[in-house]
Amino acid sequence: MKIAIPTKENKVDDHFGHCEYFTVYELNEDKEVMKSEKLETSKECGCKSNLAEELSEKGISLMLAGGIGGGAIAKLKQYNIEVIAGFKGSIDEAFDKWKNNEYLTNFSICTEHDECSH
């Protein structure tokens, strides 16, 4: 399994589509990190780029995000990438919260970026 976390300065970026890069964790069956890497982004809005397709081609099946719009969520789902949002803090904290099921699945969708039609 591979997980991607939108990252800026080693923290979960508040805006999925404009992150500096994605931190990608490859996990074994026990949810232990076997490998991690940085995946550079094109800096385009996530709902209007081919980012979902690129992430899917890399084998990513789960996105742990901070803020994310409905358009980006829909596009990621088209490529069978599950999205869990509302994470904050360091990428390690986000991963640990996910691993320990310490997160909410009821979160607000980003609606403040009219230019992205979220």
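Good morning. I begin with Asn-101, which is placed in the segment after helix 3. I should say at once that the model before us is a predicted one.

Asn-101 has a phi near 55 degrees, a positive value in a residue other than glycine. As a general matter, most residues other than glycine have a negative phi. As for its surroundings, Asn-101 counts as exposed, at 54% relative accessibility.

A second asparagine belongs in this part of the talk. Asn-80 is not a glycine, yet its phi is positive, at about 60 degrees. Where does Asn-80 sit? Its place is the loop between helix 2, residues 70–78, and strand 6, residues 82–84. Is Asn-80 buried or exposed? Its relative accessibility is 67%, and therefore Asn-80 counts as exposed, the cut-off being over 50%.

Let me now return to the segment after helix 3, where Glu-102 is also placed. Helix 3 itself covers residues 91–99. Glu-102 takes part in a negative surface patch, and its partners there are Asp-92, Glu-93 and Asp-96.

With those sites described, I turn to the overall layout. How many helices and strands does the protein have? The secondary structure consists of three helices and six strands. In sequence order, the elements follow the pattern β-β-β-β-α-β-α-β-α. The protein has 118 residues, and buried residues account for 43% of them.

Strand 1 gives us two examples of buried residues. This strand runs through residues 2–8, and Thr-7 is found in it. The relative accessible area of Thr-7 is 0%, so this residue is classed as buried, for which the cut-off is under 20%. What lies 2.7 Å from a polar atom of the Thr-7 side chain? The answer is the backbone oxygen of Ile-5. For those with the structure open, that is the pair of atoms to display: the side chain on the Thr-7 side, and the backbone on the Ile-5 side.

The other example is Pro-6, which also lies in strand 1. Pro-6 is buried, again with a relative accessible area of 0%. Which residue is ten positions away from Pro-6 along the chain, with a C-alpha separation of 5.5 Å? That residue is Phe-16.

To close, I would set two sites side by side. Asn-101, in the segment after helix 3, is exposed at 54% relative accessibility, whereas Thr-7, in strand 1, is buried with a relative accessible area of 0%. Thank you for your attention.

Terms used:
Residues numbered from 1 in each chain as written. Predicted model: local features only at pLDDT ≥ 70, side-chain atom pairs only at ≥ 80, totals over all residues. Heavy atoms only, no water. Patch = residues over 30% accessible without salt bridge, like charges linked within 9 Å, V, L, I, M, F, W, Y side chains within 5 Å. Areas by Shrake-Rupley, 256 points an atom, 1.4 Å probe, with all protein chains shown as cover. Salt bridge = Lys/Arg side-chain N within 4 Å of Asp/Glu carboxyl O. Lys, Arg positive; Asp, Glu negative; His and termini not counted. Charge placed at Lys NZ, Arg CZ, Asp CG, Glu CD. Helix = DSSP H or I, 4+ residues; strand = E, 2+ residues; numbered from the N terminus. Buried < 20%, exposed > 50% of the residue type's maximum accessible area, 1.4 Å probe, protein only. Polar contact = N/O pair within 3.5 Å; in protein donor to acceptor, adjacent residues only side chain to side chain.
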